[in-house]
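Welcome! Let us walk through this protein chain together, with the sequence and the 3D view side by side.

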Amino acid sequence: MPEARADKSATRGGPGGASTTEATAGAVTEGAEATAPGPGASTPESARATAVPAGTAPAPADTAPESTASPARPRRRQARGEARIAQLLRAAADVFCANGYTASSTNAIAREAGVSPGTLYQFFPNKEAIAVELGDRLLARWRDTYGAAFDQSQVEQPLDSMLDAVLDPLIAFNCENPAFAVLMHGSEIPGRITEEHDTLHATMLTRVEAVLAGYLPEAPAPQVHRVADMIFMIFKAGLDLIMAHEGEERTAYIRELKTVLFRYLDPLVGDDPPCPAAPTP
């Protein structure tokens with residue numbers, strides 16, 4: 001049966017074809033592994049034609065051998081790729097925190113992840129690509145965090161309770177993700193990250209102003225904006241101190257930050273309950 005053997009060989013593709021497809025999918029994008037065609041689907045028509053003995057008519061397209069890729073195989077590839085990417089990003093976060101972005105290298109990240117540099121390059125072409133992917137994921141989680149913190153039900157509370165409800169998740173996120181601060185600041189950080197961070201900063205400032213407007217309904221807009229700016233700067237300075245300490249000292253600095261903000265805002269707010277804040281984007 002020479003025809004069957006030839007067709008089977010042509011459908012299977014060259015040696016190592018499956019691993020090449022898998023590596024390429026991982027290097028281009030996380031989701032590409034799930035959509036990459038199976039090895040049989042990529043075999044050129046010319047390869048099938050030359051595999052048919054002379055004098056034998058080629059099989060019609062609709063009778064070509066069925067693909068060797070099962071529905072589960074792309075999912076397994078995707079899971080493996082996602083796990084490897086997550087492993088590399090965790091290692092990158094540790095290296096960036098330990099060395100700073102500029103002094104970090106792909107070799108150091110691969111070493112921290114326990115893989116070869118070649119494995120790393122299957123998924124990321126350089127350090128900047130790693131930083132951008134890590135930054136994108138952290139920014140997405142940060143948006144979710146402050147979105148929940150500034151939920152309407154959180155901000156329509158007495159001042160001290162509102163400060164707890166808003167500040168606690170924001171502080172916890174930064175303490176659990178120290179690489180976030182490393183990647184959001186610094187002249188050598190890829191421009192895309194800093195641009196997205198600046199946009200996020202402006203959005204958060206708008207949220208703070210909306211909350212303040214509920215507590216200060218009679219205050220003119222310029223004053224609300226100044227107070228929001230001041231709160232933001234106090235929070236950032238306090239967060240730096242919090243991040244620089246651990247254990248009981250960190251807890252003490254969290255209390256100090258809340259005390260500073262409460263004593264700044266309390267004379268402005270007075271005893272009046274907050275008005276419902278206007279919805280913000």
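## Helix 13 beside helix 14

In this predicted model, helix 13 and helix 14 are roughly antiparallel to each other. The angle between them is about 165 degrees, and their axes lie 9 Å apart. An angle over 145 degrees counts as roughly antiparallel, so that label fits helix 13 and helix 14. Their crossing is right-handed.

Which residues bring helix 13 and helix 14 together? On the side of helix 13 (residues 221-243), they include Val227, Ile231, Ile234, Phe235 and Gly238. On the side of helix 14, the partners include Tyr253, Ile254, Leu257, Leu261 and Leu265. Sorted by class, the contact of helix 13 with helix 14 has 16 nonpolar, two polar and one charged residues.

## Helix 13 and helix 12

Helix 13 also packs with helix 12 (residues 191-215), at an angle of about 120 degrees and with the axes 9 Å apart. Helix 12 and helix 13 are therefore oblique to each other. The crossing of this pair is right-handed.

Helix 12 brings His201, Met204, Leu205, Val208, Glu209, Leu212 and Ala213 to the contact, and helix 13 brings Val224, His225, Val227, Ala228, Asp229, Ile231 and Phe232. By class, the contact of helix 12 with helix 13 divides into 10 nonpolar, two polar and two charged residues. You may recognise Val227 and Ile231: they belong to this contact and also to the one with helix 14.

## Helix 10 and helix 14

Now look at helix 14 (residues 247-269) again, this time with helix 10 (residues 159-176): their axes come within 11 Å and cross at roughly 140 degrees. Helix 10 and helix 14 are therefore oblique to each other, and their crossing is right-handed.

From helix 10, residues such as Leu159, Leu163, Leu167 and Ile171 take part, along with Asp160, Asp164 and Asp168. They meet helix 14 residues including Arg250, Ile254, Leu257, Lys258, Leu261 and Asp266. What mix of classes does this contact have? The residues divide into 10 nonpolar, no polar and six charged.

Here is a handy idea for reading lists like these. An α-helix has 3.6 residues a turn, so residues three or four places apart point the same way.

## A cluster of rings

Next come the aromatic rings, with a count of five aromatic pairs. One of them is formed by Trp142 and Phe173; this pair is tilted, with 5.1 Å centre to centre and 45 degrees between the planes. Trp142 lies in helix 8 (residues 127-149) and Phe173 in helix 10, so the pair ties together parts that are 31 residues apart in sequence. Are Trp142 and Phe173 buried or exposed? Both residues are buried.

Phe173 has a second ring partner, Phe180: the centres are 5.2 Å apart and the planes are at 85 degrees, so this pair is edge-to-face. Phe173 has a relative accessible area of 5%, while Phe180 has 4%, and each of them counts as buried. Ring pairs link Trp142, Tyr146, Phe173 and Phe180 into a cluster.

## Around helices 6 and 8

Ala131 sits in helix 8. How accessible is Ala131? Its relative accessible area is 0%, so Ala131 is buried. Leaving aside residues up to four places away in sequence, Ala131 touches Phe96, Tyr101, Leu183, Pro190 and Ile193. Phe96 is 35 residues from Ala131 along the chain, yet their C-alpha atoms are separated by 8.9 Å.

In the loop between helix 7 (117-123) and helix 8 you will find Asn126. With a relative accessibility of 36%, Asn126 counts as partly exposed. Asn126 is 21 residues from Ser105 in sequence and 8.8 Å from it in space, C-alpha to C-alpha. Helix 6 (residues 106-113) has the buried residues Thr106, Ala108, Ile109, Ala110 and Ala113. Just after helix 6, Gly114 takes a positive phi of about 75 degrees.

## The whole chain

Finally, step back to see the full picture. The chain has 14 helices and zero strands. Of its 281 residues, 36% count as buried. Among contacts between residues at least 6 apart in sequence, 73% join residues at least 24 apart.

Notes
Residues numbered from 1 in each chain as written. Predicted model: local features only at pLDDT ≥ 70, side-chain atom pairs only at ≥ 80, totals over all residues. Heavy atoms only, no water. Axes fitted to C-alpha atoms, helices over the stretch in contact; angles between N-to-C directions. Helix = DSSP H or I, 4+ residues; strand = E, 2+ residues; numbered from the N terminus. Parallel < 35°, antiparallel > 145°, perpendicular 65-115°, else oblique. Left-handed = near helix turned anticlockwise from the far one by under 90°. Contact = heavy atoms within 4.5 Å. Nonpolar A, V, L, I, M, F, W, Y, C, P; charged D, E, K, R; others polar. Phe/Tyr/Trp six-rings, centres within 6.5 Å; stacked < 30°, edge-to-face > 60°. Buried < 20%, exposed > 50% of the residue type's maximum accessible area, 1.4 Å probe, protein only.
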